[in-house]
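Biologist: Could you take me through this model, and tell me what stands behind each word you use for it?

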Amino acid sequence: MTAKRPWWKTVLGLVFTALMLFPVYWMVNVSLTQTSDLRRNPPNLFPVNLTLDGYEAVLQQQLPALGTSLMIGFGCVVLTVLIAAPAGYSLGLLRLRGRTTLTFLLLVAQMIPAVVMAMGFYAIYVRLGLLNTIPGLIVANSTIAVPFAVLLYTAFMAGLPREMLQAARVDGAGAWRAFTAIVLPLSRNSTITVALFAFLWAWSDFIFASTLNRNGDLIPITLGIFNYIGNNTTQWNAIMATAVVASVPAAVLLILAQRYVAAGVTAGAVKD
Amino acid sequence: MTTTQPTASALSPLRGAAPPPGPRRRPRVSATQWTALGFAAPLLAYLGFFYAYPLWRNIDLSVHDYNVRAFVQGDADFVGFANYADVFASPIFVTALTNTVIFTLVSIAVQYTVGLALAVFFRGSFRLSNTLRAMFLVPWLLPLIVSASTWSWMMNSDNGLINSVLRAFGGDGINWLTSPDYSLTAVIIANIWLGIPFNLVILYAGLQNIPGDIYEAASLDGAGPARTFASITLPLLRPVSAITLLLGLIYTLKVVDVIWIMTTGGPANSSVTLAVWSYREAFGTGRPDFSPAAAVGNLLIVIALVFGFLHLRFQRRQDES
C-alpha cells in the first residue's frame, strides 16, 4: 500500500503544515528571544542566543492565573458532565417526550452570541454578587459546553440497544442503576470528548472572563495575557511565553486525545 | 473506538438525536416518562436559569434606559424601542453592518476554499497524512487570546515579522493594525487562519463519505482530476458544504475576541463589527452603556437565528434523504 503513495505529496503536505503552523512557531521563537533582540530588524528567524527570561516572568507573575484557569476548567467539566450525561440518557434512551423540541432548543442555544450571554449574566451577577467569582465564571463558561455535551451524549446513547435496559429491568435494576452501572461506563468515550472540550473552552474563554471578572483578584490566564498586552507592550517575549504556557493544554490534548478531538469537531462543530 | 463516533458518517450531529417520530399514540404519562423527566430535570433547570433568564434580562436591558446606577437598583425607565431606534440611527450602525458583512463573507469564503483544497489534498492518504492533518487542528485548539496576540505581534508596524518580510522584498511596511485602511484586512487574515482547521475537518469527513468506487469509475472513464472534482466531488459534497458554510456564517457573525484583542474595533471604527460594537458599548469603555449594547446584541441574535433555521432545514432535508 504505502509504496504506491507518492512521496511528493508528503513533501507538499509538510510544506503546507509548516506554513499553517508558522505563527505557532513564531510565538515560541519570540518567547525565547532576548528583550534586546525583540526590536532587531530583520528579526532572528531562529532563537539564537535564546533566553528563558520570558518563562521566568511567567512563573513569577502568572502562576495564580494558571491555577485559576485550572479550577475554572475542572469546575466546568464537572458541571457539564453532571447536567449533560443524565440529560443524554433521558433524551437518547428513555425517549423523553418532547425531545425533538428540546434538541431543537439546544441547537438554537449554540447560535446565541457569547457577548449577549455575557451581558445577561452581568446583569444577573451584579445583583447576586457573583461578579469576580470563580463559581460565577464556571457557570457562565459551562453555557458554551452544555448544549454541545447534551447533543453528543444523546447521539451516542440513542445508538445503544434499548433491550439492554429491559434486560437490566428484568434483573431488578431501576433506571438509575442502569444509568450508573451500564450506560455511563459504556459512554466513557463520549464523556472523554465532552470533558475535553468543556475544559478547553473554559480554559480558552476570553469574553466571559473579560466581562464578568474584570476586577477580580483571581483572574484566569487569558485575561492575564490580555492585561499583559495592555500594560507593557515592550516585553513581547514574556507575553509570548505566557501564550506558550497557555497553549500547553491544547497541545497535550492533541497529542493524547487526538481521536476524541476529531470526534468532537465533526460531532458538534461548535466553537465561538 | 467506534463508540465516540456518533457522526463519523457526516456532520449531522443529531442523526441519532432526533429519531423519526413513531406513530403518535397518546397514552397517559407512563412511569418511564416520569423517570425520563427526572433525568432531564437538571438540564431543564439549567436552561431556564442560565439560558432563558440571561436572555430575558438582555431583552429587558434593551427596552429600558439602564445606566450604572439603575443597573444596581433596578429602576430604569422603560423606553420601548427607543434603544433600537438609536442603534439604527447611529452612524456607527452602517459601518458596523458593512464590516460585519465583509468580515463574515470574506472569512468564510476563503476558509471554505482553502479548507476544501486541503481536504481534497489529504483525501488520498500518503505517508504522514494523518499526523499532518492532526497538526492542522492546532490553530483551532489554541486559546483565541494566544492566536490573536501572536498575530498582533507579527503584524506590528515597526517590529512585526510580516513587515520585515515585505521590506526585505523591497516593499513598504503596512500599518496593519493602526491604519483604518488595513485593520479590517488584518483581522480577517487572522480569522481565516483560525477557521481553516474547522473547514478542513468537516469537509474531509464529508469526502470520506463519497464512495471510492465512484472515483474509480470516473478514472476508468478517463476523467482527469479537474473533471473529477467538478463532476463528482463538488456535487456530492454539496450538502456538507452547505452545512459548513452556514455554521461558519453563524460562528463568524459572533466573533468578538479576535477583533477586540487585535484592534478593539479601531482605528476609527474601521474594524468594528456588530458583535464588537455591542461588546464595546457594554464593557469596552469606562462608561458602560448596556441598553444600546443589548439592543445590538439582540439584533445579532435575530440575524444568527435566521441563518440558524436555514441550517436546521438543510440538515433535516439531508437526514430525510
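Modeller: Happily, and let me begin with a term: two residues are in contact when heavy atoms of theirs lie within 4.5 Å. Keep in mind that this is a predicted model, where local features need pLDDT of at least 70 and side-chain atom pairs count only at pLDDT 80 or more, while totals for chains, interfaces and linings use all residues. Residues are numbered from 1 along each chain as its sequence is written, chains are lettered from A and ligands numbered from 1 in the order in which they are written, and side-chain values use heavy atoms, with hydrogens and water left out.

Biologist: Which residues does A:S210 contact, leaving aside its neighbours within four places in sequence?

Modeller: By that rule they are A:L223 and B:Y279. A:S210 itself sits in helix 10 (residues 207-212) of chain A; helices here are DSSP runs of H or I with at least four residues, strands are E runs of at least two, and both are numbered from the N terminus.

Biologist: Why is A:S210 called buried?

Modeller: Buried means under 20% relative accessible area, exposed means over 50%, and partly exposed is in between, using a 1.4 Å probe and protein chains only. A:S210 has 6%, so it is buried.

Biologist: What makes the pair A:S210 and B:Y279 a polar contact?

Modeller: The term asks for a pair of N or O atoms within 3.5 Å; within protein, one must be able to donate a hydrogen and the other to accept it, and residues adjacent in sequence count only if both atoms are side-chain atoms. The side chains of A:S210 and B:Y279 come to 2.5 Å, so they pass the distance cut-off of that rule.

Biologist: How many such pairs cross between the two chains?

Modeller: The rule finds 13 residue pairs in polar contact across the interface of chain B and chain A, both partners being at pLDDT 80 or more. On the chain B side of that interface, helix 1 (residues 31-62) gives the largest share, 20 residues. Sorted by class, the chain B side has 74 nonpolar, 23 polar and seven charged residues. Here Ala, Val, Leu, Ile, Met, Phe, Trp, Tyr, Cys and Pro count as nonpolar, Asp, Glu, Lys and Arg as charged, and the others, Gly among them, as polar.

Biologist: How many residues of each chain are in contact across that interface?

Modeller: There are 104 residues of chain B in contact with 108 residues of chain A.

Biologist: How many salt bridges join chain B and chain A?

Modeller: Zero. A salt bridge needs a side-chain nitrogen of Lys or Arg within 4 Å of a carboxyl oxygen of Asp or Glu. Over all chains, the structure holds one.

Biologist: What makes B:R57 and B:D60 a salt bridge?

Modeller: Their closest N and O atoms are 2.7 Å apart, so the Arg and Asp pair meets the cut-off. The partners are three residues apart in helix 1 of chain B, which means about one helical turn separates them. B:R57 is buried at 6% relative accessibility, and B:D60 is buried too, at 15%.

Biologist: Why is B:N175 called partly exposed?

Modeller: Its relative accessible area is 39%, so B:N175 falls in the middle class. B:N175 lies in the loop between helix 8 (161-168) and helix 9 (183-208) of chain B. Not counting residues up to four places away in sequence, B:N175 touches B:S157 and B:Y182. With B:S157 the contact is polar, side chain to side chain, at 2.9 Å.

Biologist: What makes A:N132 and B:A268 stand out in their backbone?

Modeller: Most residues other than glycine have a negative phi, and most peptide bonds are trans. A:N132 has a phi near 60°, and B:A268 has a positive phi of about 55°. A:N132 is in the loop between helix 5 (114-128) and helix 6 (134-158) of chain A, and is partly exposed at 30%. B:A268, in the loop between helix 13 and helix 14 of chain B, has 72% and therefore counts as exposed.

Biologist: Where is the cis peptide bond with omega near -15°?

Modeller: That bond runs from B:G266 to B:P267. B:P267 lies in the loop between helix 13 (257-262) and helix 14 (274-284) of chain B.
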